[in-house]
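Take a moment to look at the sequence and turn the model around on your screen. Then let's walk through it together, from the whole chain down to single residues.

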Amino acid sequence: MRGLSVPSFYKIMTFKEKVNELITEALLEKPSIFLIDLAISDSFKISVGLDGDNGVALQDCIDISRAIENNLDREEQDFSLEVASVGVGSPLKMTRQYKKNVGRTLIVTTKTEKIEAELVEANDVFIILSWKAREPKKVGKGKETVQKEQQIPYTEIKEAIVTVTF
């Protein structure tokens, strides 16, 4: 057995599992914060993206960062660490993100269309969007404003981004 080296992918997998476990433990103390992204590069750069039901405070990022950093041994594996909240304009990835953004305007791209509308409902299976559109009058000439509503299953959403209005 001497002289056999452990494949590098095995070491990375073990390291990632350890980091994921540390994040999971840290998030148990912060039930309103949740993990969106965890990436670990070949050079062991750890990038953690967080979101929260009421946003993510700087202190939340600091606490999660410390929970990871204080429980990994740099002597065993050197690494760099970045913990941040997902930015405004980042695509929504989890059902929980849709639910927290009910009442806000989204740009939703499906396989067939792109809709900018208010998110009026989000459950575990689909979202409902509502918007006003100008359509030809049913009787006579000209256009009228009509209220539209559409139910879209998460499986049909390619991308959804919250729009920011000032």
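What follows starts with the overall fold and then visits a handful of residues.

A bit of housekeeping comes before the tour. This is a predicted model, where local features need pLDDT of at least 70 and side-chain atom pairs count only at pLDDT 80 or more, while totals for chains, interfaces and linings use all residues. Residues are numbered from 1 along each chain as its sequence is written, and side-chain values use heavy atoms, with hydrogens and water left out.

Let's begin with the big picture. The protein chain has three helices and eight strands. Here, helices (H or I, at least four residues) and strands (E, at least two) are DSSP runs, numbered from the N terminus. Reading along the sequence, you meet them in the order α-β-β-α-β-α-β-β-β-β-β. The radius of gyration is 22 Å, well over the 15 Å that the globule rule gives for 166 residues, so the protein chain is more spread out than a compact globule. (That radius is taken over C-alpha atoms, and the globule rule is 2.2 Å times the number of residues to the power 0.38.) Along its principal axes, the C-alpha trace spans about 85 × 35 × 25 Å.

How much of the chain is buried? Of the 166 residues, 33% count as buried. Buried means under 20% relative accessible area, exposed means over 50%, and partly exposed is in between, using a 1.4 Å probe and protein chains only. The accessible surface comes to about 11000 Å², and carbon and sulfur atoms account for 51% of that; such areas come from the Shrake-Rupley method with a 1.4 Å probe, and for residues only the protein chains shown count as cover.

Now think about who touches whom. Among contacts in the chain with a separation of 6 or more, 49% are between residues 24 or more positions apart. A contact means heavy atoms within 4.5 Å.

Next, find the stretch at residues 43–88. A UniProt record (an unreviewed entry) places the feature "domain: Ribosome maturation factor RimP N-terminal" there; annotations of this kind may be inferred rather than shown by experiment, and their positions are given in the numbering used here, with feature names shortened. This span is 26% helix and 30% strand, and its end C-alpha atoms lie 28 Å apart.

Phe44 is a fun one to look at. You'll find Phe44 in the loop between strand E1 (33–40) and strand E2 (45–52). Most residues other than glycine have a negative phi. Phe44, though not a glycine, has a positive phi of about 60°. At 10% relative accessibility, Phe44 counts as buried.

Move on to Asp51, which sits in strand E2. Is Asp51 buried or exposed? Asp51 is buried, with a relative accessible area of 8%. Leaving aside neighbours within four places in sequence, Asp51 is in contact with several residues, including Ser32, Phe34, Val86 and Gln97. Gln97 is 46 residues away along the chain, yet the C-alpha atoms of Asp51 and Gln97 are separated by 7.8 Å.

Another aspartate, Asp60, has its place in helix H2 (residues 58–69). Asp60 counts as buried too, at 14% relative accessibility, and touches Lys30 and Ile33, not counting residues up to four places away in sequence.

After H2, look in the loop between H2 and E3 for Gln77. Gln77 is buried, with a relative accessible area of 12%. The C-alpha atoms of Gln77 and Phe15 are separated by 8.4 Å, although their positions lie 62 residues apart along the chain.

Leu92 comes in the loop between strand E3 (80–85) and helix H3 (95–100). With 10% relative accessibility, Leu92 counts as buried. Not counting residues up to four places away in sequence, Leu92 touches Gln97, Tyr98, Asn101, Leu106, Ala160 and Val162. For Leu92 and Val162, which are 70 residues apart along the chain, the C-alpha separation is 7.8 Å.

Our last stop is Lys114, in strand E5 (residues 114–122). Lys114 is exposed, with a relative accessible area of 64%. Beyond residues up to four places away in sequence, Lys114 touches Ile107, Val108 and Thr109. Lys158 is 44 residues from Lys114 in sequence, and the two are 9.8 Å apart in space, C-alpha to C-alpha.
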